[in-house]
Every structure is written in C-alpha cells, then in structure tokens.
Amino acid sequence: MKKVLAFDIDQTLNVAKTPITDDIAKLLIKCLDYFEICPISGQKFDQFLIQIVDRLVENGVTPTELAHLHLFVAQGTQYYTYSQTNKKLGPIGIEVTKDKTPYDPSHWRQVYNYPLTDEQVQKITATLEQSARELGYWEEDKLQDGDEIIENRLSQVTFSALGQKAGTKEKYAWDPDCKKREKIVARCKELSPEFEYEIGGTTSINAITPGMNKVFGMTHLLEELNVKKQDILYFGDMTQPGGNDYPVVEMGIDTITVRNHEDTAYALRGILGVIS
Ligand SMILES: [Mg+2]
C-alpha cells in the first residue's frame with residue numbers, strides 16, 4: 001500500500017486560491033489516519049495555513065493527525081512540520097494527552113529553506129515584467145489596492161497576471177488555454193534562459209532556478225519521510241508537459257490527474273473505501 005499521498009493545491013484540493021471545502025477537509029483528516037499527507041505547491045506558508053490547515057482545524061483535526069501533515073511550501077523548497085514538542089503539563093504535573101492539546105499555530109516548525117539570492121530575485125522580476133509588457137499582458141490597471149503582479153516567494157518568484165486578490169472568475173477567464181502564459185514564458189526564456197518558468201494555477205508563472213521545481217520538493221520529501229518513489233501517490237491538475245505537476249510524472253511517481261477538487265474527492269473516497 002502507498003504510504004504517502006502528495007497533492008498539488010490549486011485546482012487539485014481547492015478552487016484556485018480559496019480554502020478547501022468541508023468535504024475535502026474531512027477526507028484529508030481521514031487520510032491522515034492512514035497516510036503521510038503532503039501538499040506541495042508554489043504558494044507561501046501563510047496560504048497553506050489559510051487554505052488547508054485552518055480548515056482542517058475547523059473540521060476537528062487532532063494534533064496527532066496534524067503530525068502526519070507535511071507542508072512542502074514554494075514547490076518544496078521550504079518544508080514545515082507540526083511538532084508537539086512544546087508539551088504542556090496538566091494541573092497535577094502529568095502531561096496532558098496529545099489529542100487534548102489545542103491546536104497552536106506556533107508549533108509549526110520550518111525544517112529547511114532554500115531561498116533565492118536578492119540578485120536572482122531582481123533579475124527574474126525584471127524579466128517577467130519586461131516580457132509581459134512587451135506582449136501587452138502587463139495588467140497593472142486591473143490590480144486591486146495593495147496587490148502586486150510579481151511576488152517574491154523566497155524560493156521562487158511568481159507572476160500572477162491579475163494579482164493575488166483578483167476574483168476567481170476573472171482569473172479563469174484570463175488565460176484558460178495557457179496561451180498567454182506560454183508566450184510570456186517563451187520571451188522570458190530568451191531574456192534570461194538561466195531560470196526555469198512554469199505555468200501553474202490560473203494566471204501564474206513560477207520562476208525558479210533550474211531544478212527548484214517539484215522534483216526538488218519530491219526528492220526532499222523522499223529523504224525527509226524516508227520513503228521510496230513507489231510509496232507515493234501524487235494528485236495534480238497540471239500533469240501535461242510544461243505544467244507544474246509534470247516534473248513529478250517524469251520522476252516516475254504514480255500520479256492521478258484531476259480536473260478539480262471534486263475529482264480528487266472522488267478518488268480519495270475510493271481509496272478510503274478500500275482501506276477502511
Ligand atoms: Mg494546480
């Protein structure tokens with residue numbers, strides 16, 4: 001049996017950039033009793049908390065279950081686990097049982113981090129902006145207050161054509177066939193070929209240093225969890241060549257391609273139905 005279920009986030013566990021549904025939260029909590037659960041995505045740590053962890057807490061996840069959740073942030077260039085090391089003593093000096101310990105967000109521990117240099121961030125930012133401007137896809141006028149198109153996510157730089165705060169509907173409509181982003185990526189590769197550019201989410205391009213894609217994250221996952229490739233089942237929506245889940249397919253990890261979180265829920269019900 002597989003030991004690890006790994007998941008892309010946007011369009012695999014949720015509607016891009018929104019918290020997971022109660023249905024997905026409950027299924028993931030059940031899965032935490034049988035598997036190590038590893039979301040891996042280009043997003044930042046705080047988004048992992050908002051979109052996944054907070055929803056699990058609302059749906060009654062226990063700290064013991066959370067210990068089986070492994071957050072591979074920024075495509076796995078940062079790794080976080082939930083530790084129960086700050087154990088509290090009960091009123092008569094006996095350790096309170098783990099499951100009665102309330103969830104405490106300060107218990108998340110960063111295990112490793114591989115950030116880009118300032119110089120790399122500047123070069124990538126300039127490249128993305130120039131490419132988008134040249135092609136007429138620099139949509140600054142559509143940004144909401146305080147939002148930005150290019151965001152430094154420490155281990156990667158992310159271009160989000162309409163910013164982070166744009167509505168889901170607008171985002172879906174902007175580039176449904178990925179053609180705009182493919183053009184931007186092609187121009188970026190001419191300007192700064194030393195970086196890699198991946199299409200993800202609905203309006204995003206992630207720029208990274210070569211090798212800092214999901215292969216990096218999955219390779220570290222194998223090491224950190226001490227498992228083999230065949231122990232992992234990966235769920236993603238962008239498993240086609242050029243998509244940000246494709247590197248996982250190329251690694252030879254068993255992959256389930258989903259269109260959306262409903263597909264993922266369907267597959268998880270099947271898996272849980274067989275084992276429980
Ligand atoms: Mg995705």
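**Close-up views of a predicted model**

**View 1. Helix α2 and what lies over its buried side.** Elements covering the buried residues of α2 include α1, β2 and β3. This is a predicted model, and the helix is a good place to start looking around. The buried residues in α2 are F48, Q51, I52, V53, R55 and L56. An α-helix has 3.6 residues a turn, so residues three or four places apart point the same way. With 14 residues, α2 spans 18 Å from its first C-alpha to its last, close to the 20 Å expected at 1.5 Å a residue. Do look for the bend of about 35° at I52. Just after the helix, G60 has a positive phi of about 90°.

**View 2. The largest nonpolar core, with 41 residues.** Within this core, A6, L28, C31 and I37 have the most contacts. Two or more residues each come from β1 (4-7), α1 (22-32), β2 (36-39), α2 (45-58), β3 (70-73), β4 (78-82), α7 (214-225) and β10 (232-236). The biggest contribution is that of α1, which gives seven residues. If you centre the view on A6, its contacts beyond four places in sequence are C38, I40, L221, I232 and Y234.

**View 3. Another core, apart from the largest one.** This core has 20 residues. Among them are L128, F159, I184 and I208, which can serve as handy landmarks.

**View 4. An open sheet of four strands.** Following the strands across gives the order β2-β1-β10-β11, and the pairing is parallel. At the edges are β2 and β11 (254-257), each of which pairs on one side only. On average, neighbouring strands here are turned by 20° against each other, direction ignored. A closer look at β10 and β11 shows two parallel strands joined by four bridges. One pairing to pick out is that of G236, whose bridge partner in β11 is T257.

**View 5. L66 in helix α3 (residues 63-66).** L66 counts as buried because 22 other C-beta atoms lie within 10 Å, where the cut-off is 20 or more. Leaving aside neighbours within four places in sequence, L66 is in contact with V61 and Y82. For a sense of scale, you can also find M218, 152 residues away along the chain. The C-alpha atoms of L66 and M218 are 20 Å apart.

Notes
Residues numbered from 1 in each chain as written. Predicted model: local features only at pLDDT ≥ 70, side-chain atom pairs only at ≥ 80, totals over all residues. Buried ≥ 20, exposed ≤ 12 C-beta atoms within 10 Å, placed from the backbone. Contact = placed C-beta atoms within 7 Å. Core = buried A, V, L, I, M, F, W, Y, C linked by C-beta atoms within 7 Å. Expected span 1.5 Å × (residues − 1). Bend = angle between axes of the 7 residues up to and from the residue. Pairing = 2+ DSSP bridges. Axes fitted to C-alpha atoms, helices over the stretch in contact; angles between N-to-C directions.
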